[in-house]
Structure formats: C-alpha cells, structure tokens
Amino acid sequence: MSVNRDFTSEVAVVGGGPAGSVCAIALKAAGVDALLIAPPAQPDHRTTALLSGSVTALQTLGAWQSCLPQAAPLKKLRIVDDTRRLFRAPEVSFDAREIGLDTFGYNIENRHLLTALEARAAALKLPRIAAPALAITPDADGVAIDHAGGKTRVRLAVGADGARSLARAAAGIATRRRSYPQVALTLNLTHARPHDDTSTEFHTESGPFTLVPLPGRRSSLVCVLEPARAADLVALSDAALSAEIERRAHSLLGTMCVEPGRGVFPLAIETADAFARARIALVGEAAHVVPPIGAQGLNLGLRDCATLAEIVADARRQNLDIGAPDVLAGYDRQRRADVTTRTVAVDVLNRSLLAGFLPAHGARGLSLYLVDRIGPLRRALMREGITPAASQPRLMRGEML
Ligand SMILES: Cc1cc2nc3c(=O)[nH]c(=O)nc-3n(C[C@H](O)[C@H](O)[C@H](O)COP(=O)(O)OP(=O)(O)OC[C@H]3O[C@@H](n4cnc5c(N)ncnc54)[C@H](O)[C@@H]3O)c2cc1C
C-alpha cells in the first residue's frame, strides 16, 4: 500500500522498550514504512532471559550479533524445593541437550539488549521521534499521534508503551488485572564459584528465588517475596545484603557481592481484553503483564512483535489496508492462546507456592516428581517452554518476513 500525502508513515510504533524496538525493526526490515515514537530509554539494571525462539528472531533481524558478547548461555535449568513443607518436591534439572539444543536461550542485561536494538534500528535507518506520544486519536482511516515534534498520521499504530499504555486507552481497550501480595527484588551480583551456565530457581513459601547466569562469574537475581521483607532487604548495606543472598542461595555459588542497582517490582497479572482495536495493535506489556516467573514476559512480547510484523507484511503484499478490522482481528486471534496458556501457567505455579493448602503442595510436588521421572513428559514440557505449539511466527523459525 502506498502512503499518500495524508499519512506521515504507514505504521507508528509508540514506545521504545524492547518490545517496541523489536517490532519497529521487524516492520522496517520487512519493507514497511515504519516510524518509532520513543523517548530515550530509562536506566534499567534488570536482565532478560531470552528463550531460543526469541534469540532466533533477533538473529534473523540482524540484532543478535551485538548482543552475543554480553549474553550468557542457559544450558541447564534447576528447580529446588526450598520450602519447609510436608510435601516437598524432588530437585528437578533440565538440560537443553535432552531436546537437541545447545542452550535454552541466553540471559542479557536489558541495557545491552536496548543498545544492540538501537544500533540495529540506526543501521536500518528507522526514523525515530525521541519524545513521548501525548495524544493518540484513531478514526475510520487512520490514527493521529500528537508528540512534542508535532503530529503524525498513520494507517496503524502499535502500542508498545508498557503496562500503563496510552495507546491501549486510546483504543478503548480495558484490562483484567490481579495483584499478588508479592514484589520482585532484582539485582546483579558477582560470585566466587562458576554458575556452569545453569539457572537455579529455589521455590520458597514466599515465591521463587532465581539466580540466572550472566557472562563470567556474575548472575542476576529475581527474588519474589513479601513487600515488607523486600523493603528490609533493600535497606541493608551491600555487605549485609550479599551475605543474606548467599545464605538464601545455600552458598551454591560461594561468596557473593551485590553490584550497584536494586529494583523492586510489584507482582501482577494484567491482560488486555483485546490485543487490537480501532487501528491500534498492542504488543508487549501494553497487551499483557505476567510476573517474572519462568522468563515468560518479554518472550511473549517478542512473539507478539513477530506475529504482528508478519500479519502486516502479508496484508501489504495483498494490497490490504493494514489497519482494517479483519487484519487486526487476525492478530488478536493468533495471540490469544499463547498469552492465555502462559499467563495461567505462571499464575498456577505462583499460587501453588503461596497456598497454605496442603493438597496444593502435594499436587505441585507430584507434578515435579512426574516431570523428573517421565522422560517424554520432561521433553514435551521443555519443548513447549521453548517453542510453544500455540505460536511459532516466521521470525521465530529463522525466516524473514
Ligand atoms: C523483575 C523482572 C524480571 C523480568 N525478567 C524477564 C525475563 O527473564 N524474561 C522475559 O521474557 N521477561 C522478563 N520480564 C518481563 C520483561 O521485562 C517485560 O516483558 C518487558 O520489559 C516489557 O517490554 P515492553 O517493551 O513491552 O515494555 P517496557 O519495557 O515497559 O517499555 C515501554 C516503553 O514505552 C515507553 N512509553 C511509555 N509511554 C509512552 C508514550 N506515551 N509515548 C512513547 N513512549 C512511551 C516507555 O518509556 C518505555 O520505554 C521481567 C520483568 C520483571 C519486572
């Protein structure tokens, strides 16, 4: 479809977090006249475990090469039941080689991921307005976006503007939200012993305590716990906090030393009632927020981006209006099952840990016991975790759009 003089571009992606950046790069790489409306990134010390499909998509888009030196492979995943309950699960360990892979994926600091994406966007000459969208107004033929630099008019707007999405509100899309009585404390640390490319998740009564490898003798920590307890930990000196984390990790990685930068994130599930409406499609946390358990959030978000870019590229080839209701309905349909199954799985796991209900502990212990003992079940679970049956867009399979 050609862009006539009424339109500044065909598509504007609002928000330059990892989801928005990848979506804009994918659209541009597919030959779509795309524009990114994104203020400069805020400091973020968090890390993201990118599962293999996400890594393949970034490779296909030419963004992975600059990520690789900063990323640590995840070759093994270990789950340790660290509750003091009557029914405790056996320790379960998954090795990527069991399903014919070298790694399940890679862990990378968000700042390095965003730097690599910015470099790729610049190489593709992706236009960027480095200011927030101030108002987004859809009408029958297009979407008008007001920003500090003026007004932009496009056929399709992509809302990649995070959990408090202006784009989602502009499309009139409501969300369903459930808050948990937990927060995630995040920080990065160095340790005396090697992690052997193994991510370890201790299941505790207050939630998972997960150490994920970074390059060298470094790891990132996501510790899910009660808000008051997190506030106590955040108030500790570096030395005291390092000692407390080493204690909670049962000295698995030896002496620990926390790096500057501590974050506390409230835990919630939030899902948009529709993933697209009124010429606005939602990707990433604008569409769905899941707790940081099992590395699902951005991996889901990147599947949104790959799916949407594929649908837009296909619609263009057929000379269709890329913002038309049936095109956007196709996007909503394709993302629904993946988002729902992941959200339910994370919710069930988290609630089974929190429940003071004996049968829930028994069911969780039994499930992990069966997963540990039954090879085909283990492998099916690993494959589903890496390549979900409900969603395998072309970019995730290494094919360009
Ligand atoms: C502690 C923690 C650990 C996590 N670990 C993992 C993990 O290991 N693996 C995983 O897959 N996921 C993980 N996640 C989830 C992952 O961080 C999120 O899914 C991801 O950051 C969402 O990216 P996003 O681009 O959708 O949103 P965001 O990162 O929130 O980006 C939104 C962007 O939009 C911009 N914006 C907002 N309003 C406007 C506006 N009006 N105009 C223009 N721009 C705007 C913001 O400035 C921001 O840059 C974790 C989450 C947490 C909290």
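1. Strands E10 and E11 run antiparallel and are joined by five bridges. In this predicted model, the connection between E10 and E11 is a hairpin that passes through two residues. Across the pair, His147 faces Gly150 of E11.

2. On its other side, E10, which spans residues 143-147, is linked to E9, again by five bridges and in antiparallel orientation. Within this pairing, Pro138 has Val143 of E10 as its bridge partner.

3. Taken together, the three strands form an open sheet in the order E9-E10-E11, with antiparallel pairing. Strand E9 (133-138) and strand E11 (150-154) occupy the edges; each has a single partner strand, so one side of each is left without a neighbour in the sheet. The average turn between neighbouring strands of this sheet is 20 degrees, with direction ignored. As a general point, the strands of a sheet pair through backbone hydrogen bonds, in either parallel or antiparallel fashion.

4. The ligand is surrounded by 27 residues, and the closest of them are Ala49, Ala133, Glu285, Leu298 and Asn299. By class, the shell around the ligand consists of 14 nonpolar, ten polar and three charged residues. Helix H1 (18-29), strand E3 (47-51) and helix H7 (297-317) each contribute at least two residues to this shell.

5. Polar contacts to oxygen atoms of the ligand deserve separate mention. A polar backbone atom of Leu298 lies 2.8 Å from an oxygen atom of the ligand. For Glu285, a backbone N or O atom is 2.9 Å from a ligand oxygen atom. Arg46 takes part through its side chain, where an N or O atom is 3.4 Å from an oxygen atom of the ligand. On its own, the ligand has 1,000 Å² of accessible area, of which the protein covers 83%.

6. How many helices and strands does the protein chain have? Its secondary structure comes to ten helices and 21 strands. The C-alpha atoms fill a box of roughly 65 × 45 × 35 Å along the principal axes.

7. The radius of gyration of the protein chain is 21 Å. A compact globule with 401 residues would have a value near 21 Å, so the chain agrees with that expectation.

Note on methods. Residues numbered from 1 in each chain as written. Predicted model: local features only at pLDDT ≥ 70, side-chain atom pairs only at ≥ 80, totals over all residues. Heavy atoms only, no water. Pairing = 2+ DSSP bridges. Helix = DSSP H or I, 4+ residues; strand = E, 2+ residues; numbered from the N terminus. Axes fitted to C-alpha atoms, helices over the stretch in contact; angles between N-to-C directions. Near = heavy atom within 4 Å. Polar contact = N/O pair within 3.5 Å; in protein donor to acceptor, adjacent residues only side chain to side chain. Areas by Shrake-Rupley, 256 points an atom, 1.4 Å probe, with all protein chains shown as cover. Nonpolar A, V, L, I, M, F, W, Y, C, P; charged D, E, K, R; others polar. Rg over C-alpha atoms; globule rule 2.2 N^0.38 Å.
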